[in-house]
Amino acid sequence: MKTKFWKVFTAFAAGVALMPFAACDNEDYTSSPNRPDYDINYVYLYEPVQAYSSIEFKATGDFLESLDNPLALTPVRCTKPAPADIHVQVVIDPTLVDSYNEANKTDYGFMAGVELVSTEFTIPKGEYLSTEEITMNIVDHEALKQNQKDLILPIKIETLSGDGKISEHNEVYIHFVYEANFITVSSYYQELLGQDPATWSASMATLTLSDALSSRWAADGDMTFTVEPASDYVAEFNKNYGNGYEYQFLEGVTVKAAKIAQGTSKGDIVLSASVPSGMASGTRYVVPLRIKSVSGIGAALMSDEEICYVAVYVPPFTLMSGTPVGSRISYDSSMNWTLSVNGNTVASEASEGYPEMLWSELFLCNGELAPWVEGDVCEIDFGRSYNLTGLGMSFYAWYYALVDFKSFEYSADGSTWNSAVIDFRWSAYSSSGTIKFSFPVEARYLRFTIGEPNYDYPGYEDIWNTGLYFYAK
């Protein structure tokens with residue numbers, strides 16, 4: 001139990017309620033009409049300077065804050081101006097520890113290794129305070145290093161000579177509070193794997209949770225952790241972090257390292273995991289990690305259940321509004337691009353000597369030939385692979401523009417197709433826009449189904465595209 005110093009004076013204040021416990025400034029004292037004239041001049045000790053009533057230390061025996069040495073605590077005090085010099089002797093009294101613990105239901109140990117700089121003090125005639133403060137030196141930190149528990153140092157008035165009486169409550173207690181270097185754990189990490197299955201094994205062989213571990217202060221020695229997967233926390237993760245998705249437990253995870261190095265206050269958790277069978281775009285896995293224990297000088301876990309979640313999934317290929325990265329590419333006559341609409345190759349309908357008409361007249365739909373309509377399926381063969389990052393389109397006017405695609409697919413070979421999640425809409429009243437891919441895709445073929453027109457009104461149902469271009473890295 002860590003009792004703050006001022007709490008121990010509750011009983012004291014009640015027992016000697018007639019005593020003034022503010023700093024004994026004689027002018028304030030004599031000018032107050034509410035203070036009675038005491039028959040007895042009590043001599044007592046009062047709480048130390050506030051900052052030193054409770055001193056925090058760590059397992060190395062060092063204090064968390066720098067302290068002056070010797071450390072000034074408090075003067076000796078009296079309740080009335082001394083009629084003559086009062087001489088007081090103070091001592092450290094270890095026998096008071098047990099009575100203190102019994103009275104306060106605590107378990108403090110005695111703070112050894114402390115000496116008082118002086119034990120003799122004088123309150124001069126006419127004054128309330130001794131001319132010197134009680135000061136102490138910490139001469140041995142072994143008690144702090146060996147106990148690693150809260151300690152107290154009882155100081156009391158031993159003898160008094162002069163016109164005064166030692167108060168019944170003539171002691172103070174300096175608290176030395178042990179503070180562990182508590183560890184906290186970051187709650188949630190997410191590892192996004194690329195679409196290429198060939199990269200998954202390498203990505204999952206080393207999953208690094210950077211700065212997952214934090215200590216209250218820089219470690220006084222290496223801290224090592226025991227970490228284990230905890231499948232019983234999957235439901236808790238889905239409840240707090242699932243965002244409507246159901247994650248399943250990631251099997252076959254081993255912890256390769258979990259450490260905070262000496263002199264630092266951050267540390268990584270490094271995992272190794274195998275690729276789950278059936279992993280595909282959109283699949284989601286989670287491994288809850290329970291931090292079971294920590295070893296190191298003064299190290300302790302903040303709670304018994306320190307849990308860190310690691311989510312691993314292959315994000316779906318998504319089309320989103322925004323500007324793609326990479327360079328813009330558009331058709332010119334040197335390119336071997338071909339197009340089909342609803343399964344019919346369009347190139348044969350363009351003028352044989354002007355292949356660019358494939359794009360400027362038919363596919364771009366701003367000419368004699370029919371425009372796009374909702375449900376048209378367009379397929380492009382670039383004649384080579386591009387690392388595509390998005391596309392752009394322009395329309396004759398906003399009322400001939402497109403709302404979105406009904407579907408969008410890409411392929412490297414023309415036979416295996418990967419579908420996209422459609423998460424964009426052209427801005428209202430906009431005649432142009434760009435779409436970015438959630439990640440670059442290596443593709444030779446694109447296939448998309450035309451969605452609704454922007455202005456669904458009789459006579460304006462068609463979609464008149466005047467430009468189509470792509471972005472690639």
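This passage describes the overall make-up of a predicted model and then looks at some of its local features.

We can start with the chain as a whole. The predicted chain has 473 residues, of which 45% are buried. Its secondary structure comes to seven helices and 31 strands. Taking contacts between residues at least 6 apart in sequence, 79% join residues at least 24 apart. The exposed area of the chain is about 22,900 Å², and 46% of this is supplied by carbon and sulfur atoms.

From these totals, attention turns to a sheet. Five strands make up an open sheet with mixed pairing, and their order is β6-β8-β3-β1-β10. The edges are held by β6 (114-116) and β10 (165-166); each has a single partner strand, so one side of each is left without a neighbour in the sheet. Within this order, β3 (residues 71-78) and β8 (residues 129-138) run antiparallel and are joined by five bridges. One position in this pairing is that of Leu71, which stands opposite Met136 in β8. In the loop between β2 (54-57) and β3 sits Pro70. The peptide bond that leads from Asn69 to Pro70 is cis, and its omega is near 5 degrees.

A further loop, between α2 (26-31) and β1 (42-45), contains Asn41. With a relative accessibility of 5%, Asn41 counts as buried because the cut-off for that class is under 20%. Setting aside residues up to four places away in sequence, Asn41 touches Cys78, Thr79, Lys80, Pro81, Ala82, Pro83, Ile86, Asp163, Gly164 and Lys165. For one of these residues, Thr79, the backbone nitrogen lies 3.2 Å from a polar atom of the Asn41 side chain.

Helix α3 is a good place to look at how burial is arranged around an axis. The helix spans residues 96-104, and its buried residues are Leu96, Val97, Tyr100 and Asn101. These buried residues lie on the same side of α3, because the arc they cover around the axis is only 135 degrees. The other side of α3 carries exposed residues, namely Asp98, Glu102 and Ala103. Cover for the buried residues of α3 comes from elements that include β5 (109-110), β9 (151-161) and β11 (171-178). After the helix comes Lys105, with a positive phi near 55 degrees.

Positive phi values also deserve a look elsewhere in the chain. Asp211, a residue other than glycine, has a positive phi near 55 degrees. The residue belongs to strand β14 (residues 207-215). Its relative accessibility is 40%, so Asp211 counts as partly exposed. Asn342 is not a glycine either, yet its phi is positive, at about 55 degrees. The setting of Asn342 is the loop between β24 (338-341) and β25 (344-345). A relative accessible area of 43% makes Asn342 partly exposed.

Key:
Residues are numbered from 1 along each chain as its sequence is written. This is a predicted model: local features need pLDDT of at least 70, side-chain atom pairs count only at pLDDT 80 or more; totals for chains, interfaces and linings use all residues. Side-chain values use heavy atoms; hydrogens and water are left out. Buried means under 20% relative accessible area, exposed over 50%, partly exposed in between (1.4 Å probe, protein chains only). Helices (H or I, at least four residues) and strands (E, at least two) are DSSP runs, numbered from the N terminus. The arc is that of the directions from the helix axis to the C-beta atoms. Contact means heavy atoms within 4.5 Å. A polar contact is a pair of N or O atoms within 3.5 Å; within protein, one must be able to donate a hydrogen and the other to accept it, and residues adjacent in sequence count only if both atoms are side-chain atoms. Two strands pair if DSSP finds at least two bridges between them. Accessible areas come from the Shrake-Rupley method with a 1.4 Å probe; for residues, only the protein chains shown count as cover.
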